[in-house]
Amino acid sequence: MTSVFARVGKVVGRTLAMAVVTLLASLVSVPQAVAQDAAPKRVYVIDLNGEFGYDISQAPIRQAMRDARNQNADVVIVKIDAKWEKDELTPLPDNVASFDELFRAQKILPVFADEMMREWPKPPRLVMWVKRAMGGPAFIPFVAPEIYFTSDGKMGGVGGIGVMLEGKGDEVVRQKQYSLRMARAEGFLIRGGYDPMIVQAMCRPGFLLSYRMEGGKPVFLERAPERPDEFALTSGLMGDSMQASVRGTTSSVLTLNADTARAISVSKGTADTLDDLIFQLGLSRNHQIVEGGSKRIMDNWKRDVNNASKEIKRILEEMAQGSEGGGMGGGTYEARTQSRGKQIRQLDTIINKLKTYEEAFGPRWHNVNGIPPQTEFELRREQLELQQLVDKK
Amino acid sequence: MNQMKFRMTKAIAGLFLGMALTFGAVGPTTNAFGAAAGGWAKITLKNGTIVEGEIVRELEGIVWIKVKSGNSEETRMLTPDEVKSIDRDATSTPANTKEPAKTPDATKPEPAKPAEKTTDQPAAPAGASPANSESASQPHKSGVPRAAIITLGEGGERDMVGLYMMAKPLHDAIPMLKAENVDIVVFRVNSGGGALLEIQKLSDVIYNEYRKNFRTVAWIDWAISAAAMTSHAVEEIYMTPEGAYGACTGWSGELVAVKDRDLEQILFQMEKISTRGNHPFEIMRAMQIMEPLSATVSPSGDVSFYQDTTSGDILLNPKGRVLTFNSQTAAKVRFSSGTAGTLEELAKVMQLPEVEWVGVKKPGYLWPICKAEQMQMDFREKTARDDAQFTEYVQTLNAALSMGAGMDDERKARLAGKARECMNKIVSAVNNNPNLAIFKFSILPDKFREEWVEPTEKKIKELTKKEKK
């Protein structure tokens with residue numbers, strides 16, 4: 001072999017040498033490319049459970065999404081299982097009208113939309129996995145182009161458009177309020193690539209909607225079914241029977257379950273376990289579940305909010321018990337000064353906690369717990385300072 | 001069926017700057033970067049309409065022409081796509097025109113005296129006249145148009161028209177935009193509405209000042225009620241995919257509608273503002289009251305609107321409802337010129353192959369923040385702070401004033417100091433946002449000093465007045 005090579009000319013030799021180098025390079029680079037393609041997709045899971053707007057809130061979700069980004073997640077799965085109950089013993093029926101939780105959802109949605117686009121070098125594949133998305137949470141999955149359901153999954157509870165303001169003010173103003181709300185809800189669907197008629201059916205009792213499949217895609221019809229291949233999504237009635245309410249078969253507004261959602265292409269599939277879902281996402285042979293901090297983040301948030309809530313109530317009780325002595329009346333100047341100082345510190349603690357957890361302490365929380373608005377505490381604080389200003393030894 | 005039919009050809013306004021630069025002077029403009037403002041002209045549009053009036057500005061193929069509309073004058077912006085030809089014959093100025101123009105266009109001007117042209121010139125800030133504006137919008141070295149985003153409202157708690165979305169800071173921002181050589185101003189609207197009292201002021205600033213100085217565009221995310229009524233002065237409208245525009249019914253208190261004469265006034269006001277934006281008035285009317293609306297889009301792109309549910313192919317507003325557009329319906333009837341979720345998409349639908357977005361990139365913002373935008377953000381920040389603490393300022397002030405009885409001079413002086421501190425905070429808040437005088441004290445801003453500041457100063461002085469012993 002050596003002699004053969006020795007006989008070839010310089011040019012040929014150089015060409016051959018280059019070819020060998022090229023071949024070697026390609027031999028080296030091919031496995032590299034394959035290795036890159038075969039890199040497992042990093043899957044990050046965020047569980048949203050608990051009370052919507054309180055446990056499920058934008059601050060911890062934002063933190064979890066940032067954690068997912070820092071973990072270089074390729075796929076983010078958001079599982080929604082929000083409470084849907086009047087109290088611990090009384091679940092709510094599907095047709096309860098909680099449309100206005102839309103405005104709470106509106107504060108969470110940007111985390112999965114604009115913020116994600118802005119903060120990720122390459123936005124991840126976002127997948128919503130619905131178990132219970134009733135009330136405000138029903139709007140959240142629509143932000144993602146990929147929605148999956150569990151077999152018992154439900155999405156709805158946002159009726160009320162056209163009826164929620166009945167008996168209040170003038171009809172034209174009520175219609176204005178309904179109109180702007182619907183437009184906002186429709187916008188969320190449009191952004192996610194869904195037909196806005198779906199949300200009309202979910203939100204407006206009496207809105208009659210059916211569909212048929214054409215070329216594998218649903219065609220929505222604002223009327224009752226007229227052919228055997230057309231199916232009703234809503235009854236067109238303004239209300240539901242008690243039997244339907246108890247059995248979970250209400251149809252005055254649309255509640256999506258796994259089958260209906262799949263039929264009208266809202267859901268891409270049904271999965272009861274993470275493995276099922278991973279399989280349906282086409283990642284079963286090529287994924288890695290990222291052990292991120294989302295569970296810790298969500299749990300910490302719930303704990304901190306609960307602690308803050310308890311702390312505020314405890315301070316208020318303490319203040320109510322020891323309120324005497326802080327005014328212009330009894331005790332020495334030093335005692336009064338000390339008392340006011342203590343009250344100001346207590347008020348500062350309350351004000352700080354209200355500010356920190358403002359997003360969870362909405363009007364409903366203030367109402368249920370009998371906590372005055374933050375401005376009242378600020379006023380009280382100012383009054384104490386004034387009293388101190390003019391107090392005399 | 002209501003026989004009234006409004007026919008309009010919506011200007012698909014995206015086009016000019018980039019197109020003009022790429023293909024040279026588009027259409028009948030004098031030069032690529034315009035400038036030859038002034039002079040009477042007869043403009044023939046591609047749809048056959050003739051618009052006659054005084055050209056007040058030209059920029060990169062776009063012509064601003066002042067025309068008579070009823071008893072008032074308005075300035076229309078015509079894009080190169082709309083314009084077929086411009087007859088700049090000086091002899092056809094109104095003074096010399098003997099034969100009335102034969103035109104079906106409602107905007108046909110009546111002869112106007114030259115003196116009126118001067119006196120009727122809309123109020124503009126110093127240095128903001130069309131002639132002056134040219135210096136700011138000269139071509140840049142790169143020849144790439146410069147665009148700035150100005151937010152009107154920022155959603156959440158900072159979106160109320162009249163409090164966070166106001167004419168004053170918009171007016172004040174114009175010199176900054178000029179200093180940064182901005183050609184295109186994009187108003188990103190995110191407001192759920194607010195006070196009717198601010199609509200006309202905002203409309204005037206947008207129409208008389210912005211549209212005369214910049215290619216002015218509205219990019220709608222959430223323009224509800226007064227925010228939509230404000231944006232209506234803009235002709236070139238784009239929406240975000242989730243955008244909404246409408247629901248303009250006036251109301252107060254417990255959902256009580258504005259009625260009778262007040263309602264008629266608002267309807268009329270919005271007819272005029274619709275003309276400014278070149279939007280068919282039927283659209284805004286269906287957004288204000290429960291009037292049905294349908295539309296048909298012809299194959300050539302003309303849109304006809306009908307004030308009923310059956311005449312048009314597209315039902316926009318059923319009977320007994322109030323209209324709000326989403327991005328799909330707005331685009332379908334050409335109310336919006338396109339849908340864009342990002343700056344890149346916006347540039348695309350605005351047909352700007354190249355554009356320089358003016359400002360500094362900051363974390364957490366989808367667009368660069370120019371100086372004029374920073375000013376809007378600072379204004380809202382201070383307003384929010386003052387709004388949140390206003391009650392505290394007032395109550396502390398009142399408490400300080402009322403606690404003085406029976407106290408010695410030293411303590412009275414302390415109280416007076418506190419009262420003055422609160423008063424100064426209130427005055428500073430009103431200086432930043434004059435409408436706080438209306439919302440907090442029901443006093444007109446120009447009466448604030450006389451009706452609130454002076455009496456309060458007097459009370460503070462009385463508090464410190466030494467009693468005769």
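The following exchange goes through a predicted model of chains A and B and asks what stands behind some of the terms used for it.

User: Why is A:Glu146 called buried?

Analyst: Its relative accessibility is 12%. Buried means under 20%, so A:Glu146 counts as buried.

User: A:Glu146 forms a salt bridge with A:Arg125. What makes that pair a salt bridge?

Analyst: The closest N and O atoms of A:Arg125 and A:Glu146 are 2.7 Å apart. The rule asks for a side-chain nitrogen of Lys or Arg within 4 Å of a carboxyl oxygen of Asp or Glu, and therefore the pair qualifies. A:Arg125 lies in strand β5 and A:Glu146 in strand β6 of chain A, 21 residues apart.

User: Why is A:Arg125 called partly exposed?

Analyst: A:Arg125 has a relative accessible area of 29%. Partly exposed lies between the 20% and 50% limits, so the term applies to A:Arg125.

User: Which other salt bridge links β5 and β6 of chain A?

Analyst: A:Asp152 in β6 pairs with A:Lys131 in β5, with 2.8 Å between the closest N and O atoms. A:Asp152 is partly exposed at 46%, and A:Lys131 is partly exposed at 25%.

User: How do you know that the salt bridge of B:Lys418 and A:Glu382 crosses between chains?

Analyst: B:Lys418 sits in helix α12 of chain B, while A:Glu382 sits in helix α14 of chain A. Their closest N and O atoms are 3.0 Å apart. Both B:Lys418 and A:Glu382 are buried.

User: How many salt bridges does the rule find across the interface of chain B and chain A?

Analyst: Four. Among the pairs that meet in a salt bridge is A:Lys392 with B:Asp408, at 3.0 Å from N to O.

User: What makes up the side of chain B that touches chain A?

Analyst: The residues there divide into 23 nonpolar, 13 polar and eleven charged. Helix α11 of chain B gives the most, with seven residues. Chain B and chain A bury about 3600 Å² between them, 62% of it on carbon and sulfur atoms. In chain B, the residues that lose the most area to chain A are B:Trp222, B:Glu242 and B:Leu255.

User: Phi of B:Asn278 is near 60°. What makes that value worth a remark?

Analyst: The value is positive, in a residue other than glycine. B:Asn278 is in the loop between α7 and α8 of chain B.

User: Why is B:Asn278 called partly exposed?

Analyst: Its relative accessible area is 23%. That value falls between 20% and 50%, so B:Asn278 is partly exposed.

Methods. Residues are numbered from 1 along each chain as its sequence is written. Chains are lettered from A and ligands numbered from 1 in the order in which they are written. This is a predicted model: local features need pLDDT of at least 70, side-chain atom pairs count only at pLDDT 80 or more; totals for chains, interfaces and linings use all residues. Side-chain values use heavy atoms; hydrogens and water are left out. Buried area is the accessible area (1.4 Å probe) that two parts lose on being put together, summed over both. Helices (H or I, at least four residues) and strands (E, at least two) are DSSP runs, numbered from the N terminus. Ala, Val, Leu, Ile, Met, Phe, Trp, Tyr, Cys and Pro count as nonpolar, Asp, Glu, Lys and Arg as charged, and the others, Gly among them, as polar. Buried means under 20% relative accessible area, exposed over 50%, partly exposed in between (1.4 Å probe, protein chains only).
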